[in-house]
Amino acid sequence: MLQELFTPSVQHVLDLVGIFVFAISGALLAVRKNFDVFGMAVLAEVTALGGGLFRDLVIGAVPPAAFSDLGYFVTPLIATVLVFFLHPEVERIQLGVNIFDAAGLGLFCVSGTTKAYDYGLGLTASATLGLASAVGGGVLRDVLANEVPSLLRWDRDLYAVPAIVGAAMVALCIRFGVLNAFTSGLAVCTALSLRLLALKYHWRAPRAWHRSSVKADEPDQVG
Amino acid sequence: MLQELFTPSVQHVLDLVGIFVFAISGALLAVRKNFDVFGMAVLAEVTALGGGLFRDLVIGAVPPAAFSDLGYFVTPLIATVLVFFLHPEVERIQLGVNIFDAAGLGLFCVSGTTKAYDYGLGLTASATLGLASAVGGGVLRDVLANEVPSLLRWDRDLYAVPAIVGAAMVALCIRFGVLNAFTSGLAVCTALSLRLLALKYHWRAPRAWHRSSVKADEPDQVG
Amino acid sequence: MLQELFTPSVQHVLDLVGIFVFAISGALLAVRKNFDVFGMAVLAEVTALGGGLFRDLVIGAVPPAAFSDLGYFVTPLIATVLVFFLHPEVERIQLGVNIFDAAGLGLFCVSGTTKAYDYGLGLTASATLGLASAVGGGVLRDVLANEVPSLLRWDRDLYAVPAIVGAAMVALCIRFGVLNAFTSGLAVCTALSLRLLALKYHWRAPRAWHRSSVKADEPDQVG
């Protein structure tokens with residue numbers, strides 16, 4: 001029921017757009033890390049599909065959408081080919097990539113929350129899984145590239161918060177029985193706008209109070 | 001049946017205690033790595049729930065306990081808030097944290113083994129999953145923080161062995177039909193005590209014989 | 001049906017051989033990273049069983065083979081003991097290890113594709129999962145060891161391509177109804193041969209065109 005908020009084809013096209021832009025970010029990181037073309041394809045697939053794959057495993061939707069929909073699998077490969085041949089041009093339109101990435105973030109946190117609720121999870125768990133499906137791919141991308149995940153670093157503009165707000169809006173709409181195409185779209189736009197504002201004004205989240213003087217690049221030995 | 005060794009509420013409180021102390025260790029590592037408050041929350045959740053999540057996915061218990069019990073989700077957030085405001089104080093009571101962490105290790109290896117056996121796994125597989133649910137969260141924590149997992153490093157006090165002993169004790173008790181609240185508690189205490197002894201006397205595990213002189217920090221290129 | 005291409009015992013022995021050689025590569029990396037004996041065992045298990053575990057979780061085959069077949073669990077431990085006592089000798093026969101690793105690659109991509117198709121996945125998804133079960137263990141091994149996965153690096157001889165070819169051959173054989181013991185064996189041999197040729201002639205995959213001058217070891221800050 002909830003799944004049919006958008007007509008299936010519109011939903012599907014939006015999904016593919018989100019997958020495409022996430023795949024672009026994976027392939028670009030692979031180029032920066034000097035990986036070969038297969039490394040680019042792996043990183044593109046993981047970034048685009050990793051979050052949704054995690055969500056589907058948790059809710060027991062096997063085989064996951066990533067493996068049952070051919071379009072989901074092929075789209076990241078197209079992104080890889082594009083970046084392979086045109087990556088300086090893609091880098092140059094970083095602003096455009098950021099806008100699409102923000103759109104992907106908004107779309108995924110909303111569709112992830114909705115799908116998790118459809119599979120019987122509670123509202124909090126659904127919103128958490130919506131967040132996880134929006135940011136999970138990026139975390140896996142950074143782990144595979146042997147980087148500290150962007151999501152966790154304090155010197156990055158807010159990324160989790162817009163997704164949390166979007167997912168929470170969907171959960172509240174479900175709670176009060178007002179989830180429809182309009183309110184879903186509103187949640188997507190809110191997450192998208194917050195992310196773009198965070199990028200424009202470099203919003204950051206606070207770190208722990210009273211930290212002793214630790215160096216970010218040479219952390220103390222950790223037990 | 002086995003699940004009811006402890007009355008549900010006692011079992012639940014013990015679980016939450018284990019989750020809380022594991023979450024503390026995740027949040028503390030996040031502070032040391034200079035992550036922001038969302039990074040702290042993510043690392044706290046992953047450390048506290050990652051091991052059990054892996055166990056539940058493997059045995060097919062979906063949705064996993066981490067997503068069906070609100071208390072499991074909220075407890076790491078409380079730990080995050082605590083560390084956010086009071087982390088120098090929390091660091092100062094490192095000994096206390098270590099003791100609780102050892103208790104969490106003991107509790108999780110026993111409850112993990114029991115739950116896996118309840119889902120029909122063999123004794124060896126159950127003990128392995130018990131071990132995985134006890135140490136898995138810490139491994140995920142270190143991977144996300146881009147560190148070599150504490151569990152694998154030779155210059156850390158024994159961590160896996162106490163959990164292996166506890167899980168093996170439970171498996172043996174099941175094998176001989178003597179698993180009850182008393183023997184379960186004995187397994188928890190054994191794992192806890194072994195871990196505390198390992199911390200006190202700096203017990204280490206051996207490395208491979210006849211190693212050539214490799215430098216730990218600059219490993220050779222690996223193929 | 002497809003599972004019975006080989007008689008069960010032959011298939012099982014081949015699986016154990018693949019698991020054994022993958023475990024050797026995990027244990028050797030653990031020695032190079034200076035891990036203790038438990039770190040060796042963990043890395044051996046993860047390398048040997050990680051790819052198949054991922055495949056089984058995706059297709060919903062729970063509990064996964066890694067936890068339901070005792071031989072799968074014990075074999076990596078034997079490899080660990082061997083490397084523990086004899087690792088200089090094992091290092092010296094690196095060529096032999098490479099040949100067996102190539103055999104494991106071929107066996108796993110074929111058996112993974114076949115098993116995924118048996119569980120109802122499409123041909124492309126089956127081949128992708130076959131590839132993932134062949135290379136997934138090695139990726140997990142490198143992630144746990146805090147290294148950039150070998151699979152993704154451009155300065156490594158081709159590893160993914162032989163597995164892709166083998167998995168694609170199986171998918172095509174299924175498509176045209178000619179999958180049998182002979183064609184399966186042919187796919188294994190093709191993947192094995194391609195990997196050995198890649199090792200001998202140092203075949204590499206191309207990197208993105210028009211890269212700006214990035215340094216492999218000091219990648220730019222990545223957003």
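What rotation, and what shift along its axis, superposes chain A on chain B? In this predicted model, the superposition is achieved by a rotation of 120° with 0.0 Å of shift along the axis, at an RMSD of 0.0 Å. This is the relation of a three-fold axis. The surfaces used by the two copies are nevertheless different, as 12% of the contact residues of chain A recur in chain B. In general terms, a rotation about an axis and a shift along it relate two copies of a chain.

The fold of chain A comprises eight helices and zero strands. Its order along the sequence is accordingly written α-α-α-α-α-α-α-α. The C-alpha trace of chain A extends over about 50 × 45 × 35 Å along its principal axes. A radius of gyration of 18 Å was computed for chain A, which agrees with the value near 17 Å that a compact globule of 223 residues would have. Of these 223 residues, 54% are buried, where burial requires 20 or more other C-beta atoms within 10 Å of the residue's own. Among the contacts in chain A with a separation of 6 or more, 71% are accounted for by residues 24 or more positions apart.

Chain A touches both chain B and chain C. The contact with chain C draws 31 residues from chain A and 35 residues from chain C. On the chain A side of this contact, two or more residues are given by each of the helices H1 (8–32), H2 (37–59), H3 (65–68), H4 (70–92) and H6 (123–144). The composition of that side is 21 nonpolar, six polar and four charged residues.

The contact between chains A and B is formed by 34 residues from chain A and 30 residues from chain B. Here, H2 and H6 of chain A each contribute at least two residues to the side of chain A that touches chain B. The greatest contribution to this side comes from H6(A), with five residues. Classified by residue type, the side facing chain B holds 21 nonpolar, seven polar and six charged residues.

Helices H2 and H6 of chain A thus appear in both descriptions, giving two or more residues to the side that touches chain C and at least two to the side that touches chain B. The nonpolar class likewise counts 21 residues on the side of chain A that touches chain C and 21 on the side that touches chain B.

How values were computed
Residues are numbered from 1 along each chain as its sequence is written. Chains are lettered from A and ligands numbered from 1 in the order in which they are written. This is a predicted model: local features need pLDDT of at least 70, side-chain atom pairs count only at pLDDT 80 or more; totals for chains, interfaces and linings use all residues. Two residues are in contact if their C-beta atoms, placed from the backbone, lie within 7 Å. Helices (H or I, at least four residues) and strands (E, at least two) are DSSP runs, numbered from the N terminus. Ala, Val, Leu, Ile, Met, Phe, Trp, Tyr, Cys and Pro count as nonpolar, Asp, Glu, Lys and Arg as charged, and the others, Gly among them, as polar. The radius of gyration is taken over C-alpha atoms; the globule rule is 2.2 Å times the number of residues to the power 0.38. A residue is buried if 20 or more other C-beta atoms lie within 10 Å of its own, exposed if 12 or fewer, and partly exposed in between; C-beta atoms are placed from the backbone. Copies are superposed by least squares on the C-alpha atoms of residues with pLDDT of at least 70 in both.
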